[in-house]
Amino acid sequence: AVVSTQSGHYGRDRLMLTVKLSDFTGNEWVTCFQETAEKLLGISADDLGKLKETNEAEFEQAMNKVNFTAYNFKIRARTETYMDESRLKCTALSVEPIDYITHSKRLIDEIKLLEG
């Protein structure tokens with residue numbers, strides 16, 4: 001999935017990041033909690049909070065560096081109903097950078113299987 005935008009909420013030792021993930025099937029807003037948010041941004045919640053308080057430009061840079069980058073996400077999706085309105089709620093369970101070599105080998109193997 002490609003990360004295209006995010007917003008964050010920072011608390012004492014806590015980070016919740018909302019990202020919009022996109023791929024060839026469409027896009028979806030996904031919530032990343034502490035561990036996945038820190039892994040995605042490459043910075044701890046404490047360090048991000050300090051940047052927010054001391055250096056807004058570096059904070060913005062830390063938040064924006066993941067825009068339009070590709071990762072593999074494991075997502076939990078569930079439908080929630082509130083006041084008779086259902087909507088999909090997605091949470092990132094894990095995030096990993098794409099291993100292009102392994103991914104390419106897997107695709108080649110799948111193509112070979114299709115060829116018979």
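Q: Where in the chain is Met 83 found?
A: Met 83 is found in the loop between β4 and β5, the latter being residues 85–97. Keep in mind that this is a predicted model.

Q: What is the phi of Met 83?
A: Start with the general idea: most residues other than glycine have a negative phi. Here, phi of Met 83 is near 55 degrees, a positive value in a residue that is not glycine.

Q: Which value does phi of Asp 84 take?
A: Asp 84 sits in the loop between β4 and β5 too. Its phi is near 60 degrees, again positive in a residue other than glycine.

Q: Why does Met 83 count as exposed?
A: A residue counts as exposed when its relative accessible area is over 50%. Met 83 has 68% relative accessibility, so it counts as exposed. For Asp 84 the value is 79%, and therefore Asp 84 is exposed as well.

Q: Where do glycines take a positive phi?
A: Two cases follow helices. Gly 42, just after α1, has a positive phi of about 75 degrees. Gly 116, just after α4, has a positive phi of about 90 degrees.

Q: How many helices and strands are there in the protein?
A: The protein has 4 helices and 5 strands. Their order along the sequence is β-β-β-α-α-α-β-β-α.

Q: Why do the ends of helix α4 lie 22 Å apart?
A: A helix is checked by its rise of 1.5 Å a residue; helix α4 covers residues 100–115, so its 16 residues should span 22 Å. The C-alpha atoms at its ends are 22 Å apart, which agrees with that expectation.

Q: At what angle do the axes of α2 and α3 cross?
A: Two packed helices are described by the angle between their axes and the distance between the axes. In this model, the axes of helix α2 (residues 45–54) and helix α3 (residues 56–64) come within 6 Å and cross at roughly 140 degrees. That angle makes α2 oblique to α3.

Q: Which residues in α2 meet α3?
A: From α2 the residues are Leu 48, Leu 51, Lys 52 and Thr 54. They meet Glu 56, Glu 58, Phe 59, Ala 62 and Met 63 in α3.

Q: Which residues of helix α1 are buried?
A: In helix α1, which runs over residues 34–41, the buried residues are Gln 34, Thr 36, Ala 37, Leu 40 and Leu 41. Take Thr 36 as the example: its relative accessible area is 7%, so it is buried. Of the 116 residues of the protein, 27% count as buried.

Q: With which residues is Thr 36 in contact?
A: Setting aside neighbours within four places in sequence, Thr 36 is in contact with Ala 92, Leu 93, Ser 94 and Val 95. Of these partners, Val 95 has its place in strand β5.

Q: Is Val 95 buried or exposed?
A: Val 95 has 3% relative accessibility, and therefore counts as buried. Leaving out neighbours within four places in sequence, Val 95 is in contact with Thr 36, Lys 39, Leu 40, Tyr 71, Asn 72 and Phe 73. Val 95 and Glu 38 are 57 residues apart in sequence and 10.0 Å apart in space, C-alpha to C-alpha.

Q: What kind of aromatic pair do Tyr 71 and Phe 73 form?
A: The count comes to 1 aromatic pair. Tyr 71 and Phe 73 form it edge-to-face, with 6.4 Å centre to centre and 70 degrees between the planes. Planes over 60 degrees apart count as edge-to-face. Tyr 71 is buried, with a relative accessible area of 17%. Phe 73, at 17% relative accessibility, is buried too.

Q: What separates the C-alpha atoms of Ala 70 and Ile 98?
A: Ala 70 lies in strand β4. The C-alpha atoms of Ala 70 and Ile 98 are separated by 6.8 Å, with their places 28 residues apart along the chain. Thr 69 is also found in strand β4, which covers residues 69–82. The C-alpha atoms of Thr 69 and Pro 97 are 28 residues apart along the chain and separated by 9.2 Å. Ala 70 is partly exposed at 33% relative accessibility, and Thr 69 is partly exposed at 24%.

Q: How is the protein as a whole read?
A: Among contacts between residues at least 6 apart in sequence, 42% join residues at least 24 apart. The protein exposes about 8300 Å², of which carbon and sulfur atoms supply 52%.

Technical notes. Residues numbered from 1 in each chain as written. Predicted model: local features only at pLDDT ≥ 70, side-chain atom pairs only at ≥ 80, totals over all residues. Heavy atoms only, no water. Helix = DSSP H or I, 4+ residues; strand = E, 2+ residues; numbered from the N terminus. Expected span 1.5 Å × (residues − 1). Phe/Tyr/Trp six-rings, centres within 6.5 Å; stacked < 30°, edge-to-face > 60°. Buried < 20%, exposed > 50% of the residue type's maximum accessible area, 1.4 Å probe, protein only. Contact = heavy atoms within 4.5 Å. Areas by Shrake-Rupley, 256 points an atom, 1.4 Å probe, with all protein chains shown as cover. Axes fitted to C-alpha atoms, helices over the stretch in contact; angles between N-to-C directions. Parallel < 35°, antiparallel > 145°, perpendicular 65-115°, else oblique.
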